[in-house]
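Here is a brief report on one protein chain. Have the sequence and the model open as you read.

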Amino acid sequence: MTFLFRQYRYQILDFLFSEVIIIQDKRWYKLIPDLKELIYRIYTLQPFAEQTTLCFANDQTIQKLNCQFRNKNKPTNVLTFEHPDTQSYGGDIILALETIQKESRRARKPMRHHLTHLIFHGLLHLEGYDHLKCNETKTMEMKESYLLGKIGIPNPWKNSSFGSI
């Protein structure tokens, strides 16, 4: 790796972690020690819109948000909130540590793989992808599989116990 590339990469990491990333629950660092590098890899494949924030939270936080905004008083793995200005992409992606951990264990998949999938999932929602209709679901799943494959993560939809997100 050249010095210039390394310097550029760390400038992006510094930017992401000062402007875009919120680590609300510090346990994320223990469970995903290379979290900064993972986010950088995701960013290089699916750059975040300027108004995007990733929040690494826990079940308690996401349950409150899920209840307040979706009338579902339970935690979920990821919540995505589009930027209110419809002229720009971006928004907030909130990830729930314990739920993602449980789902990973249940599916016998590395938590890092599942987390990466959910980040891509949230980013695609912010770009306008959805999974409310069958044809939308297929398109979104194909895009997720493609992005995950680019960083060596197997297709989550093959032999999956996750089901649709």
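In which sense do β3 and β4 pair, and over how many bridges? They pair in the antiparallel sense, over five bridges. One of the facing pairs joins Phe81 to its bridge partner in β4, Asp92. Bear in mind that this is a predicted model.

**Overall layout**

The protein chain holds seven helices and four strands. Read from the N terminus, its elements follow the order α-β-α-α-β-α-β-β-α-α-α. The chain has 165 residues, and 43% of them count as buried. Take the contacts between residues at least 6 apart in sequence: 60% of these join residues at least 24 apart.

**The sheet**

The four strands form an open sheet, ordered β1-β2-β4-β3, with mixed pairing. β1 (21-23) and β3 (78-82) each have a single partner strand, so they stand at the edges and one side of each lacks a neighbour in the sheet. From one strand to the next, the twist averages 15°.

β4 pairs with β3 in the antiparallel sense, and with β2 in the parallel sense. The β2 partner covers residues 53-57, while β4 covers residues 91-96. Five bridges link β2 and β4. Burial fits into this picture too: β4 is mostly covered, with five of its six residues buried.

The table lists bridge partners in β4.

| Residue | Opposite residue in β4 |
|---|---|
| Thr53 | Asp92 |
| Leu54 | Ile93 |
| Phe81 | Asp92 |

Asp92 appears twice. It stands opposite Thr53, and it is also the bridge partner of Phe81.

A general point helps when you inspect these strands. In a regular strand, side chains alternate between the two faces of the sheet.

**A helix pair**

Now the helices. Two packed helices are described by the angle between their axes and the distance between the axes. How do the axes of α5 and α6 cross, and within what distance do they come? Helix α5 spans residues 97-107 and helix α6 spans residues 111-126. Their axes come within 9 Å and cross at roughly 120°. That angle makes α5 oblique to α6. The crossing is right-handed.

Which residues make the contact? From α5 come Leu97, Ile100, Gln101, Glu103 and Ser104. From α6 come Met111, His114, Leu115 and Leu118. By type, the residues of this contact divide into five nonpolar, three polar and one charged.

Methods:
Residues numbered from 1 in each chain as written. Predicted model: local features only at pLDDT ≥ 70, side-chain atom pairs only at ≥ 80, totals over all residues. Heavy atoms only, no water. Pairing = 2+ DSSP bridges. Helix = DSSP H or I, 4+ residues; strand = E, 2+ residues; numbered from the N terminus. Axes fitted to C-alpha atoms, helices over the stretch in contact; angles between N-to-C directions. Parallel < 35°, antiparallel > 145°, perpendicular 65-115°, else oblique. Left-handed = near helix turned anticlockwise from the far one by under 90°. Contact = heavy atoms within 4.5 Å. Nonpolar A, V, L, I, M, F, W, Y, C, P; charged D, E, K, R; others polar. Buried < 20%, exposed > 50% of the residue type's maximum accessible area, 1.4 Å probe, protein only.
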